[in-house]
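Dear colleague,

Please find below the structure that I am handing over to you. I should be grateful if you would read the notes that follow with the coordinates open.

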Amino acid sequence: MPDLERLAVEHAARAAESPHGRSAHLVLHDGVLRQTVIALTAGTALDEHTPPSAGSVQVLRGRVSLTIAGRLLELPAGHLEPVPQERHGLLAHVDSVVLLTAVTA
């Protein structure tokens, strides 16, 4: 299995170099299960999108918010939150790395 800390460091650096302020890496793909490391620089957001069948966001470093219907649900480092079953986005308040787990059935 990959070293999440090493991936967090690597993709945080890639996000910092990217003109879009983000970097992602598919860590695990097993049938309908996917886990992706996503790094975002401060102020970078992922636009609202339709949720997977089930999922969670674990903040590996930094501080992010899930954006859900105009409100923010702030998640600090170490926090694990189920993905809401409604359109949502993600906003990085500081340079951040999350582990997104999604079931895509």
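The notes below deal with the sheet, the pairing of its strands, the helix packed on it, and one loop residue.

Please bear in mind throughout that this is a predicted model.

The sheet. Five strands form an open sheet in the order 1-2-9-4-7, and their pairing is antiparallel. The edges are taken by strand 1 (22-30) and strand 7 (80-82); each has a single partner strand, so one side of each lacks a neighbour in the sheet. On average, neighbouring strands are turned by 20° against each other, direction ignored.

Helix 1, formed by residues 4-17, packs on this sheet. Helix 1 touches strand 1, strand 2 (33-40), strand 4 and strand 9, and its direction makes about 145° with that of strand 1.

Strand pairing. Going through the sheet from strand 1, the antiparallel pairing of strand 1 with strand 2 comprises eight bridges. Within this pair, Arg22 has Leu40 of strand 2 as its bridge partner. The two strands form a hairpin with two residues between them, where Gly31 adopts a positive phi near 65°.

Strand 2 also pairs with strand 9, again in the antiparallel sense and over eight bridges. Here Leu40 faces Ser96 of strand 9. Leu40 therefore has a stated partner on either side: Arg22 and Ser96. As for its surroundings, strand 2 is mostly covered, with six of its eight residues buried.

Strand 9 (residues 96-103) is in turn joined to strand 4 (residues 54-61) by seven bridges, and these two strands run antiparallel. In this pair, Arg61 stands opposite Val97 of strand 9.

The loop after strand 2. Thr41 lies in the loop that links strand 2 to strand 3 (45-49). Is Thr41 buried or exposed? Its relative accessibility is 17%, and because the cut-off for a buried residue is under 20%, Thr41 counts as buried. Which residues does Thr41 contact, leaving aside its neighbours within four places in sequence? They are Ala15, Ala16, Gly21, Ala92, Val94 and Asp95. Of these, Ala15 and Ala16 fall within helix 1 (residues 4-17). In addition, the side chain of Thr41 makes a polar contact with that of Thr44, at 2.7 Å.

Yours sincerely

Technical notes
Residues are numbered from 1 along each chain as its sequence is written. This is a predicted model: local features need pLDDT of at least 70, side-chain atom pairs count only at pLDDT 80 or more; totals for chains, interfaces and linings use all residues. Side-chain values use heavy atoms; hydrogens and water are left out. Two strands pair if DSSP finds at least two bridges between them. Helices (H or I, at least four residues) and strands (E, at least two) are DSSP runs, numbered from the N terminus. Axes are lines fitted to C-alpha atoms, for helices over the stretch in contact, and angles run from 0 to 180 degrees between N-to-C directions. Contact means heavy atoms within 4.5 Å. Buried means under 20% relative accessible area, exposed over 50%, partly exposed in between (1.4 Å probe, protein chains only). A polar contact is a pair of N or O atoms within 3.5 Å; within protein, one must be able to donate a hydrogen and the other to accept it, and residues adjacent in sequence count only if both atoms are side-chain atoms.
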